[in-house]
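Here is a quick tour of one model, covering its packing, its cysteines and a few backbone oddities. Have the viewer open and follow along.

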Amino acid sequence: QHGLDVARVRADFPILLQEVRGRPLVYLDSAASAQKPQAVIDALVRFYTHDNANVHRGVHLLSERATEAFEDAREKVRRFLKARESKEIVFVRGTTEAINLVAQTFGRKHVGPGDEVLITGLEHHANIVPWQLLCEQQGATLKSVPVNEHGELVLEALDALLTPRTRILALTHVSNALGTVVPVKELIRRAHAKGVPVLVDGAQAVTHFPVDVQDLDCDFYAFSGHKLFGPMGIGVLYGKKELLEAMPPYQGGGDMILSVTLEKTVYNRIPYRFEAGTPDVAGAVGLGAAIDYLEALGLEAIAAHDRELLAYAEEALGAVPGIRILGRAKERSGVVSFVMQDIHPHDIGTILDREGVAIRTGHHCAQPLMKCFGVAATARASLALYNTREDVDALVRGLHKVREVFA
Ligand SMILES: Cc1ncc(COP(=O)(O)O)c(CNc2co[nH]c2=O)c1O
């Protein structure tokens, strides 16, 4: 037993109390975007009704309060990721921007003609396309660690793929399409043994178990606020300060400078060098409120709930005739991806929607991975701290409806 009082948690998420298509909402799409607790909503309202002003260098009380709220949020993120210093926390729009930022700064500085960037076959397009763009710009080559039939990385292939020309390894911590948990600490150790820095895409991982960037020893770690029960439009890039300090800016503008003349600009210190323009202060404050909410519930209790419910969902789905669950990694988290005979996943999703059950169908921005499994699309149910066994039972009842329609 995990100690999470899910009934009380559900009452904290007002959006879940509604009916859709005349049925109680069964929200099983948190891997795409998670819902928000009242505490996050209240934090946004409070900021805009009491503290809103532009940040940094303000000489009036509201600006001081807004700046304090913004930097408090940064400290909460530092604590959440167990980073050494809050200057290692850069606010971005989300995981996608975080990865583009590293590719276009660290990447352009260190990846040259004939060099190699290594990713894996599990990646979301957000951790593929920025590296393709960089390799095209720099005349470098993109390589990928293969995936086996269980949806796990083929680690035996890693050492041969880490060559003297490899300039960075970028990999997901948890697959959004299969739920595979990647043993990133081991891969980081092996990459570092060959002098290769590592970026970890933590978009899915941070929502299901505690992450300690110092223990992992990753060089960069990225995640999105909206998947962590916080607002859309705010995300985080963690970077080791030694690396951030040696990186050129990502975007030019206000706040990222110390002084500007027409001849030359002196850039600001980190993290501000990477935060050009007016930041999403409210989003950061909302993300901080989400972290407070999760930590008050207990990250380990949430992890235990998610593990237990995933096991229940896999067993329940596996018992539905015609269902084939994709990916059977030794360690999985958060999602169940499946196909159902030759019924198109979009049809499955549409019929489930009519029953009030929200899942995601499609390639999940992981088309190379879909190709690995010989499918164009899957149906994916994803689970969060507010989901219950009753939600899974409603999903199963809906899938029997699908069978009736297509039988
Ligand atoms: C592993 C992973 N990386 C990166 C991203 C991009 O995050 P964003 O910048 O906040 O969009 C996602 C979003 N994944 C999904 C978005 O919608 N369905 C999904 O599974 C993801 O799951």
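Before anything else, a cut-off: a residue counts as buried under 20% relative accessible area, as exposed over 50%, and as partly exposed in between. Keep in mind, too, that this is a predicted model.

**Backbone oddities**

Start with K82. Its relative accessibility is 39%, so K82 lands in the partly exposed class. K82 belongs to the loop that runs between α3 (61-81) and β4 (89-92). What is the sign of phi at K82, which is not a glycine? Positive, at about 55 degrees.

C365 also has a positive phi without being a glycine, this time about 50 degrees. You'll find C365 in the loop between β16 (360-362) and α13 (367-372). With a relative accessible area of 31%, C365 is partly exposed because that value falls between the two cut-offs.

Here are the two side by side:

| Residue | Phi | Relative accessible area |
|---|---|---|
| K82 | about 55 degrees | 39% |
| C365 | about 50 degrees | 31% |

For context, most residues other than glycine have a negative phi, and most peptide bonds are trans. That second point makes the next item worth a click: I270 and P271 are joined by a cis peptide bond, with omega at about 0 degrees. P271 lies in the loop between β12 (265-267) and α10.

**Core packing**

The α10 helix turns up again in the packing. The largest nonpolar core has 84 residues, and L81, Y221, L385 and Y386 make the most contacts inside it. Which helix gives this core its largest share? That would be α10 (residues 281-297), which supplies eleven residues.

Try selecting L385 and looking around it. Setting aside neighbours within four places in sequence, L385 touches L4, V6, V9 and F13, as well as F229, Y293, L294, L297, I302, H305 and D306. There is also a second, separate core of 28 residues, with I325, I343, V357 and I359 among them.

**Cysteines**

How many disulfides does the model have? The count is zero. A disulfide is a covalent bond between the sulfur atoms of two cysteines. The cut-off used here is 2.5 Å between the sulfur atoms, and the cysteine sulfur nearest to C135, that of C372, is 19 Å away, so C135 is in no disulfide.

Is C135 buried or exposed? Its relative accessibility is 5%, so C135 counts as buried. C218 is buried as well, because its relative accessible area is 0%.

Note on methods. Residues are numbered from 1 along each chain as its sequence is written. This is a predicted model: local features need pLDDT of at least 70, side-chain atom pairs count only at pLDDT 80 or more; totals for chains, interfaces and linings use all residues. Side-chain values use heavy atoms; hydrogens and water are left out. A nonpolar core is a set of buried Ala, Val, Leu, Ile, Met, Phe, Trp, Tyr and Cys residues joined through side-chain atoms within 4.5 Å. Buried means under 20% relative accessible area, exposed over 50%, partly exposed in between (1.4 Å probe, protein chains only). Helices (H or I, at least four residues) and strands (E, at least two) are DSSP runs, numbered from the N terminus. Contact means heavy atoms within 4.5 Å.
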